Amino acid sequence: MGLKALCLGLLCVLFVSHFYTPMPDNIEESWKIMALDAIAKTCTFTAMCFENMGIMRYEEFISMIFRLDYTQPLSDEYITVTDTTFVDIPVRLYLPKRKSETRRRAVIYFHGGGFCFGSSKQRAFDFLNRWTANTLDAVVVGVDYRLAPQHHFPAQFEDGLAAVKFFLLEKILTKYGVDPTRICISGDSSGGNLATAVTQQVQNDAEIKHKIKMQVLLYPGLQITDSYLPSHRENEQGIVLTRDVAIKLVSLYFTKDEALPRAMRRNQHMPLESRHLFKFVNWSILLPEKYRKDYVYTEPILGGLSYSLPGLTDSRALPLLANDSQLQNLPLTYILTCQHDLLRDDGLMYVTRLRNVGVQVVHDHIEDGIHGALSYMTSPFYLRLGLRIRDMYVSWLDKNL
């Protein structure tokens, strides 16, 4: 009995030391979020153990878990839901059933998942896009772009751009009854990255006739040029998303070579010829003072990686690196950031950069927000925070699109 108690005690200590993250005082439903965080960290720990033992790669294990949450395209009395393709790119399409005397609004949504995981078929994203289509009486398209590490950058961007360009064709807009002047591109997390990059490309491409009316970016990840922002330091062992996990996932977006995440952890991954890009992500200038706090800005060290990855200097991969002339043509933009989020400062800096070049930006900051909250909107893992962000997002679209 004594040995069993000792083993149980040791297991409890191991669990707490590896998986327990103290909750900030202002977090709503803190016990539920603590449980969800422990589940996420347990899955990460298990995946890393399997990878170290040679059983399967980290991303293969996590992908298996994500696929358990995929849904079928079930229509209901209000919305017809179908899985189809736009130029060979899988999409889930939501079409309102009620008749409309005028052309409808449309939303193109890019799901999050660190470029490696997820799908528009996930229960939470299916729920969100169905809700959006029904509430707005809008056509909604969920894009299932190719995932890393089977497909590295620029595959994800190319899929997103191709799907959007196809949807913007006159014959396709007519087919689905969409008003070409009322189209929005949205995305969360890594999907927010793709929404940002695709919107930049569409708005600056003279050959694309129809443009985007607005973009919505929900806690987006927009750069890795500097991997040690204040939000990275504050949320190094963050809720759901830690710095190590974020670095691993974004590294897989570019390469399977373990040298990249090692260099990123030291903030030494940028190539020697990239110093001119630092001004676009200099948090000591671009962050509001309340988020800079007493942190001291240190420029990333160049050349810590023995080879150069072109994607690290490409604004299609890291849209915060776009120059001011690329930003000036952007549409009305809504950006939502969360306080307790590793990616918080990416969104905050983009707000500043867009406003500096005259783009109209609406910014909401969730003081008790965490990364990935929209993934927790359905049973058994729903959070009031996720439903609150859903309502803010859809309400803003309804008023402005």
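Is Asp341 buried or exposed? With 0% relative accessibility, Asp341 counts as buried. The views below come from a predicted model, and Asp341 is a good place to begin.

**View 1. Three residues that UniProt marks as "active site".** The UniProt record, an unreviewed entry, gives this feature to Ser189, Asp341 and His371. These residues span 183 residues in sequence, yet no two of their C-alpha atoms are more than 10.4 Å apart, so they gather at one spot. Follow the chain from one to the next and see where you end up!

**View 2. Asp341 and its surroundings.** Look for Asp341 in the loop that runs between strand β7 (332-340) and helix α14 (344-356). Once its neighbours within four places in sequence are set aside, Asp341 is in contact with Tyr219, Ser231, Asn235 and His371. One of these partners, His371, is the centre of the next view.

**View 3. His371 among its contacts.** Here the loop between β8 (361-370) and α15 (384-400) holds His371. Because its relative accessibility is 7%, and buried means under 20%, His371 counts as buried. Leaving out residues up to four places away in sequence, His371 touches Ser189, Tyr219, Val240, Leu241, His340, Asp341 and Leu343. Both other residues of View 1, Ser189 and Asp341, are on that list. Zoom in on the side chains of His371 and Asp341, and you will find a polar contact of 3.0 Å between them.

**View 4. Helix α4 against helix α15.** Now turn to two helices that pack together: α4 (residues 123-136) and α15, whose axes lie 10 Å apart and form an angle of about 35 degrees. The crossing of α4 past α15 is right-handed. From α4 come Phe127, Leu128, Trp131, Thr132, Thr135 and Leu136, while α15 brings Leu387, Arg390, Asp391, Tyr393, Val394, Leu397 and Asp398. Sorted by class, this contact contains eight nonpolar, two polar and three charged residues. Try picking out the charged ones, among them Arg390.

**View 5. Arg275 and its partner Glu299.** Our last stop is Arg275, in the loop between α10 (259-265) and α11 (283-286). Arg275 has 45% relative accessibility, so it counts as partly exposed. Apart from residues up to four places away in sequence, Arg275 touches Glu299 and Leu302. What joins the side chains of Arg275 and Glu299? The link is a polar contact of 2.8 Å. For a sense of scale, Gly358 is 83 residues from Arg275 in sequence, and their C-alpha atoms are 25 Å apart in space.

Conventions. Residues numbered from 1 in each chain as written. Predicted model: local features only at pLDDT ≥ 70, side-chain atom pairs only at ≥ 80, totals over all residues. Heavy atoms only, no water. UniProt positions renumbered as here; feature names shortened; annotations may be inferred. Helix = DSSP H or I, 4+ residues; strand = E, 2+ residues; numbered from the N terminus. Buried < 20%, exposed > 50% of the residue type's maximum accessible area, 1.4 Å probe, protein only. Contact = heavy atoms within 4.5 Å. Polar contact = N/O pair within 3.5 Å; in protein donor to acceptor, adjacent residues only side chain to side chain. Axes fitted to C-alpha atoms, helices over the stretch in contact; angles between N-to-C directions. Left-handed = near helix turned anticlockwise from the far one by under 90°.
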